[in-house]
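Reader: I would like a close look at a single part of this model. Please take the pockets and the aromatic rings, and keep it brisk.

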Amino acid sequence: MKQITSDVYLMKMAQTDSRAPQVNVYFLKNEKLLIDAGPDNYPCYLELQQNLKSLGIDLKQVSVVITHHHPDHVGLLKYFPEETAVYADPGVRYYGTTAYLNAIEEQTQQLQILGIPPHAIDQIKAQLQKRFLPFLENVNFKDLNRLPVSSVRIHRLRGHSPADIVFQKDNFFFGGDLILKGIYFNVLLDIDPVNQKLCLLNQEYEQNIKKILTTFKIQTWCPGHGDPMNLSSLVKVNHKYQKLRQLIHQRITQSFSFSDYDSAVREIYSYFPRLNDYFYLSDILTVIK
């Protein structure tokens, strides 16, 4: 655990897959507020308890807020006391329902019509199914608008997921996975809990990143992975992201065809290490939408 200010603490939690990046969980001591709940990894739960104990705080005294629904940010809720109050977007609970599983089946069938090859569709389906978390139905979710912490502001955005929440305390912003250094496959294919359809959020992502960089008075950006950044670092990360997206767009317009998907992917993404087709298609479908 690292102390960032007199009130803000950062805990980096390992995922069960050693290849996956560590997940940042932040704790506001004065507010007894945990920002995100980390991955489904029981040793991390024990470590969290010990870290809080070292601050003189019992986990039962803590409330939780969630930046977005992805498993590496909500997985630890599986082990929390039943009475723990969790303030989140109402759509988070959807990802623990059979309706979500049914929507995956229906929506991935639609991808066949586009001519996307079966192996790529299978990877999209597998990635989305990993986000099915049935324990969410037992979580004590509360209305985010009723968060009883006046020192924390709530900014509702979209882009990385159908509902991204940025939490602000003073000039510190806790932004989940909206802006991550070194990660540029960031507008991900997801099922929208409102209409239960696949959503492509590039337009919203671009608008909200601009809002973050131009209207938020950022001293420190606290991301869901990696180290905290200042505004200058955020601008540099976004500039690199924009350059890569322009290059990807050029290569897609020049060479992309679902009829020759595999060779097109190799051409477009030759400068990246091998990734799951889910990430490739998130980017491709967003650009050609």
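Author: Start with a definition: a helix here is a DSSP run of H or I with at least four residues, and helices are numbered from the N terminus. One caution comes with it: the model is predicted.

By that naming, helix H3 covers residues 98-113. Helix H3 gives the most to the lining of the second largest pocket, with three residues. The full lining is Gln107, Gln110, Leu111, Leu114, Leu189, Leu198, Leu200 and Leu285. By class, six of these are nonpolar and two are polar. No charged residue takes part. The volume of this second largest pocket is about 160 Å³.

Now the largest pocket. Its space comes to about 1200 Å³. The lining counts 34 residues. Nearest the centre of the largest pocket lie Gln15, Ala20, Pro21, Gln127 and Phe279. The classes are mixed: 15 nonpolar, 11 polar and eight charged residues line the largest pocket. The second largest pocket, again, has no charged residues in its lining.

Next, the aromatic rings. The structure holds 12 aromatic pairs. Take tyrosine 42 and tyrosine 45. Their ring centres are 5.8 Å apart and their planes stand at 35°, so the pair is tilted. The cut-offs show why: planes under 30 degrees apart would count as stacked, and over 60 as edge-to-face. Both tyrosines sit in helix H1, which runs over residues 42-54. Tyrosine 42 and tyrosine 45 are three residues apart, about one turn of the helix.

Their exposure is worth a look. Tyrosine 42 has 41% relative accessibility, so tyrosine 42 counts as partly exposed. Tyrosine 45 is buried, because its relative accessible area is 7%, and buried means under 20%.

Tyrosine 45 also pairs with tyrosine 79. That pair is tilted, with 5.8 Å centre to centre and 35° between the planes. Here the pair links distant parts of the chain. Tyrosine 45 lies in helix H1, whereas tyrosine 79 lies in the loop between helix H2 (71-74) and strand S6 (86-88). The two are 34 residues apart. Tyrosine 79 has a relative accessible area of 23%, so tyrosine 79 is partly exposed.

Put the rings together. Tyr42, Tyr45, Tyr79 and Phe80 form one aromatic cluster. Within that cluster, Tyr45 pairs with Tyr42 and with Tyr79.

Terms used: Residues numbered from 1 in each chain as written. Predicted model: local features only at pLDDT ≥ 70, side-chain atom pairs only at ≥ 80, totals over all residues. Heavy atoms only, no water. 1 Å grid on protein atoms, 1.4 Å probe; cavity = no way out; pocket = protein on both sides within 12 Å on 5 of 7 lines; lining within 4 Å. Points joined across faces, edges and corners; volume = space filled by probe spheres on them. Nonpolar A, V, L, I, M, F, W, Y, C, P; charged D, E, K, R; others polar. Phe/Tyr/Trp six-rings, centres within 6.5 Å; stacked < 30°, edge-to-face > 60°. Buried < 20%, exposed > 50% of the residue type's maximum accessible area, 1.4 Å probe, protein only.
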